[in-house]
Amino acid sequence: MMAHRRGLASPPQGIGSFLTLRILLVDDFPAVRQGLKHLVEMNEAWEVVAEAGDGQEGLQEAERLQPDVAVVDIGMPRMNGLELTRAIQKSAPKTKVLILTEQNSQHMMQEARNAGADGYVIKSHAGSELLPALEALSEERPFFSSKGIDD
Amino acid sequence: MSERQSWIIFVSGIVILILLGAGTAAVTSRYAASEDRVAHTHQVETLIVRVRASLFTADSARLAFLLTGDEARLQQYRAELSELTRHLGNLKSLTADNPSQQERIAALSLLVEEDRSLMERSVALKQSGPADETKQKDIEQQCHGILTRAVTLLGSMSEEEARLMNLRVGTSTASYRNILRVLVLAGLIVLIFLGLLFRMLLKQLSVRKQAEAAVRQLSLRILQLRDAEQRKLARELHDSLGQALAAVSMNLSVLKEKGDNIAPEKRAALLTDSLQLVQQSSSETRTISHLLHPPLLDEAGFDSAARWYVDGFTVRSKISVALEISSDMGRLPRKTELVLFRALQECLTNIHKHSGSTRVIVKLEKRGSFVDFSVQDNGRGIPASVLSEFQTTGGGSGIGLMGLRERVNDLNGEFKVESNASGTQIHVILPFTEPGTSPSQPEQSRHTGSSAASPEKTPPSSLMKAPVALSPG
C-alpha cells in the first residue's frame, strides 16, 4: 500500500488528497465509466489504472493490478458487485472497495457492508460524494454516505 | 350441454310423464269396468239359480198342500210364486243389455205363466171337493213337462252367463296385465330420464370445473406477464435512462467544481458527452413510452401508428414487413384502433421471437360491415400441439394470443389462427363502425405537456400494464 503513495503531488484546487491513488472502475455502462473518470481526474494525483465492463473482468483487473481502490457497480452481468466485493477481498486484500450504485435502499447498503465493502455512494450523487469517498478510503476511513438513502 | 337441450329434455320428460299418467288412468278405469261386469254376471247367475229354486219350491209346496190340505203349505206356495215373479223381474232388468237372454226370459215367463195357471187349477180342484185323481194326475204330467222345459231354458241361460263370465274374467285379467305393463314402462322411462339428467349434471360440472381452472390459469399468466413486463420496463429505464443521467450528473459536477480552472478542450469534451447523453436519453424515453402506447395512435390513427411501429420493428428485427392498408380506411373507433395496434404488436413480436420468418405481410381491408386485419409470415409455424390446445381450450400458447382473443371477443369480433410448416396467418375481424362521438383532441393533449393533466395520456404506472389487455381490476 505504502509503495503506491508516492509522496506529494502538486495540490489541486481545494479538493482532494495529495496522496496518489490507483483506481479501478468497474461498471457495465461506458458512459458512466467516462463520467467517473472525469470526476476522478479532477484530482491530479489520482489515476484510473483500468476500467472493466463486468464483474469477471473487474476481478481479473483487480488481481492483476492490485489497485488502491475499486469503484464497483452492483447490477452487472457475469458477476454482480457484491460477489465481486467478496472476491476482491480474497484476491486483492489490500484493495478498498467503493460500491457505486443507483440502489438507494438501506438494505442494499447493509448488504454491501456485509460483503466487506469500505464505502457506498449513490450513483446520482456521485458528483458530490465520489471524491470525499475516495479521499476517506485513501485515509483508511470507511465512507457510507446517507445521502440519497431511503429508509 | 346447452340451456336449450336441458329445456328439451325437461319438457319432453314432463310430456312423457303426463302421457303415462293418462295411460295408467285409462287402463285402470277399463279394469274397473271389466270388474263391474264380472260382478254383474255373478248377480245374474245367482238370480237364475233362485228362479229355478223358486219354481221347484212352489211346486213342492203345492204338492204338499194337495196331499195334506195344510193351509200353511198353500201360503208357502203363494209366497214362493210371488218370489218367483220378483226374481224374474230382476232377471229381466239385469239382462236388459243381452237380447238372447231377454228372449229366453220371455219364453221362461210364458212357461211360468202356464205353470202357474195349471197349478192354480190343481189347487182349485183340491179346494172344490173330493179328490179327482185322474184330473190331478193329468195336471201333474203337464206341470212336469213345463218344469222340464223351464229347467232346460234356465240351463241354457246359465251356460250363456258362464260364457260371458269367461269372456269378462279374461278381459279383466288382460286389463290388469296392461296396468302392470304401463307401470313398468313408466318406471323404466323415469329411470332413463334420471340417468340422462344425472349425466348432464356431471358433464356440466366438469365443464364448469374446466372453465374455472382455465380462468385461474389465465389470471395467473396475466400476473406473470405483468411481472415480466414490469421487469423489462424497470431494466429499460435503468439501462437507458438511469445510467445516462448518472453520467451526465457526474460530468456536470466536474464542470461545476472546476469552474474556470478547466482546459477549454476538456470543457468542450464534457459538454459534448453530456449533450449526447441527454439527447440519447430523450430519444430512449420517447421510444419506451411510444412502445407502451404510441401517441400517433390517438392523434393520427392506426395507419400512421402501424407505419411507425413497423419501421422500428424492421430496424430492430431485420424482418421485412409489407404493410397494406386500404386507402379508404380512414379513422376507426379508438377501441378498434387500439385492438388492431395491439394485434400488430403481438403478432410481430411473436414472429420475431418464434417464427424465424424473413417476410411478413400485414393487411387491413374493409369488407362490408367488417374490417379484416391479417398478419401472414413465412416462418416455421406454430407447433401443432400448441395450436390445437389453443383452439380447443384457449391454453397452450403464451398469454399474448389469449389476451388478443379476449380483446377481439370484447368487440364482438372474430379471431382466427391458421398455421402450418410454411407459415402462420392470423386474422382479426372486427365490426366496422364510424368513430364515436368523442374524437380525441390530439393537438391539445400533445402541447399541454403535463401528462398527468390530460386524460388522453395514460399515466406511467398504468402504461406498464398497457400491453396486457387483461390486467385484472
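Which residues of H3(B) are buried? In this predicted model, the buried positions of H3(B) are Gln101(B), Ile105(B), Leu108(B), Leu111(B), Val112(B), Asp115(B), Met119(B) and Ser122(B). An α-helix has 3.6 residues a turn, so residues three or four places apart point the same way. The cover over the buried residues of H3(B) includes three helices of chain B, namely H1 (3-68), H2 (71-94) and H4 (133-258). Helix H3 itself comprises 30 residues of chain B, from 99 to 128. From its first C-alpha to its last, helix H3 of chain B reaches 43 Å, which is close to the 44 Å expected at 1.5 Å a residue.

Confidence was examined for chain B and for the complex. The average pLDDT of chain B is 82, and 89% of the residues score at least 70. Residues 437-473 of chain B, by contrast, have a pLDDT below 50, although this stretch has 47 contacts in the model beyond near neighbours in sequence. Where pLDDT is low, the predicted coordinates should not be read in detail. For the complex, the predictor gives an ipTM of 0.71 and a pTM of 0.50.

Chain A contains 6 strands and 5 helices, arranged along the sequence in the pattern β-α-β-α-β-α-β-α-β-α-β. Of its 151 residues, 49% count as buried in chain A. When contacts in chain A between residues at least 6 apart in sequence are considered, 63% join residues at least 24 apart.

How values were computed:
Residues numbered from 1 in each chain as written. Chains lettered and ligands numbered in written order. Predicted model: local features only at pLDDT ≥ 70, side-chain atom pairs only at ≥ 80, totals over all residues. Helix = DSSP H or I, 4+ residues; strand = E, 2+ residues; numbered from the N terminus. Buried ≥ 20, exposed ≤ 12 C-beta atoms within 10 Å, placed from the backbone. Contact = placed C-beta atoms within 7 Å. Expected span 1.5 Å × (residues − 1). pLDDT = per-residue confidence, 0-100.
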